[in-house]
Amino acid sequence: DGKLQLDVMNADGSGQKNLLPHKNAFEESPRYSPDGQRIAWTSTRNKNQDIWVMNVDGSNQKPLTSDLAIDNAPTWSPDGKQIAFTSARSGNLDIWVMNADGSGQKRLTTDPKMDYWPVWSPDGKHIAFTSNRDGNYEIYLMNPDGTNQRNISRHVGNDNFATWSPDSRRLAWISNRDGEYGIYVAAIGK
């Protein structure tokens, strides 16, 4: 029917199970909690994009956000106590953070351009995100409280979708800076 659903399976592809058989909703951007016991994801089952959480077996599904604006792209803090996400509730896309139960929602970025796709560093010291505040899409870093926001990719190409190395010392992202999309890696100073 064209709707995105959320399935889990074993690493070898066996045991596939649909956890969210909602035919009238898009279910996307699933992220396991660091302890592997919960999954946060984006759902449109309430007619707009919200962040939801559930147990890994699909039980105890509940929304963490319920704003009329778009809330998506959840990412867990390494200790599992917080979730950073993208929201349009301020009129444009910004990075927000909340406690893992949905309480304490706080806006971290306030630039009038788009800030989206947050990802926590494994050591919990930084959140990387994509922004077009410099006129093109770049990878930015900030502290988990929103301070010390800085551009780390600094290129005229479009840089998107950062991911951290397990030791938090490098970031990889997709960029078209050489005319075609490729993967780029940069060391992150401590």
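**Strands and salt bridges, question by question**

Visitor: Which residue in S14 is the bridge partner of Leu141?
Guide: Bear in mind that we're looking at a predicted model. S13 and strand S14, residues 150–151, pair in the antiparallel sense over two bridges. Within S14, the residue that partners Leu141 is Arg150.

Visitor: And on the S12 side, which residue stands opposite Met142 in S13?
Guide: S12 and S13 are an antiparallel pair too, joined over five bridges. Look for the S12 residue that sits across from Met142, and you land on Ile127.

Visitor: Which residue in the turn of the S12–S13 hairpin has a positive phi?
Guide: The two strands form a hairpin with six residues between them. Check the backbone angles in that turn, and a positive phi of about 100° turns up at Gly135.

Visitor: Which residues of S13 are buried on the side away from Glu138, Tyr140 and Met142?
Guide: In a regular strand, side chains alternate between the two faces of the sheet. S13 is mostly covered, with five of its five residues buried. Glu138, Tyr140 and Met142 take one side, and the buried residues on the other are Ile139 and Leu141.

Visitor: Arg133 makes a salt bridge; how far apart are its closest N and O atoms?
Guide: Arg133 sits in the loop between S12 (127–131) and S13 (138–142), while Asp115 is in strand S11 (115–120), so the pair ties together parts 18 residues apart in sequence. Both Arg133 and Asp115 are buried. In the Arg133–Asp115 salt bridge, the closest N and O atoms are separated by 2.8 Å.

Visitor: How many salt bridges does a search of the whole structure find?
Guide: Arg133 with Asp115 is one of them, and Arg170 with Asp167 is another. Searching the whole structure gives a count of six.

Visitor: What separation in sequence does the Asp71–Arg89 pair span?
Guide: These two form a salt bridge, with the closest N and O atoms 2.8 Å apart. Asp71 is in strand S7 (71–76) and Arg89 is in the loop between S8 (82–87) and S9 (94–99), so the parts tied together are separated in sequence by 18 residues.

Visitor: Is Arg89 buried or partly exposed, and at what relative accessible area?
Guide: Its partner Asp71 has 0% relative accessibility, so Asp71 counts as buried. The buried class ends at 20%, and exposed starts over 50%. Arg89 falls in between, so it's partly exposed at 24%.

Visitor: How many of the residues in S7 are buried?
Guide: Asp71 is in S7, and at 0% relative accessibility it counts as buried. S7 is mostly covered, and the buried count for its six residues is six.

Visitor: Which residue in S8 is the bridge partner of Trp76?
Guide: S7 and S8 run antiparallel, with four bridges joining them. They form a hairpin with five residues between them, and Gly80 in the turn has a positive phi of about 75°. Across from Trp76, the S8 partner is Ile83.

Visitor: Which backbone nitrogen does the side chain of Thr65 reach?
Guide: Thr65 lies in the loop between S6 (62–63) and S7, and at 1% relative accessibility it counts as buried. Its side chain joins that of Asp50 in a polar contact of 3.2 Å. The same Thr65 side chain also comes within 2.9 Å of the backbone nitrogen of Ile51.

Visitor: Which strands are at the edges of the S15-S16-S17 sheet?
Guide: Three strands make up this open sheet, with antiparallel pairing. Neighbours are turned by 30° against each other on average, direction ignored. The edge strands each pair on one side only, and they are S15 and S17.

Visitor: Which residue in S16 stands opposite Asn160?
Guide: S15 and S16 (170–175) run antiparallel and are joined by four bridges. Asn160 has as its opposite number in S16 Ile174.

Visitor: What is the area of the nonpolar surface patch that includes Val185?
Guide: Val185 is in S17, and it counts as exposed because its relative accessible area is 55%. The patch is made by Phe161, Ile174, Tyr181, Ile183 and Val185, and its area is about 550 Å².

Methods:
Residues numbered from 1 in each chain as written. Predicted model: local features only at pLDDT ≥ 70, side-chain atom pairs only at ≥ 80, totals over all residues. Heavy atoms only, no water. Pairing = 2+ DSSP bridges. Axes fitted to C-alpha atoms, helices over the stretch in contact; angles between N-to-C directions. Salt bridge = Lys/Arg side-chain N within 4 Å of Asp/Glu carboxyl O. Buried < 20%, exposed > 50% of the residue type's maximum accessible area, 1.4 Å probe, protein only. Patch = residues over 30% accessible without salt bridge, like charges linked within 9 Å, V, L, I, M, F, W, Y side chains within 5 Å. Areas by Shrake-Rupley, 256 points an atom, 1.4 Å probe, with all protein chains shown as cover. Polar contact = N/O pair within 3.5 Å; in protein donor to acceptor, adjacent residues only side chain to side chain.
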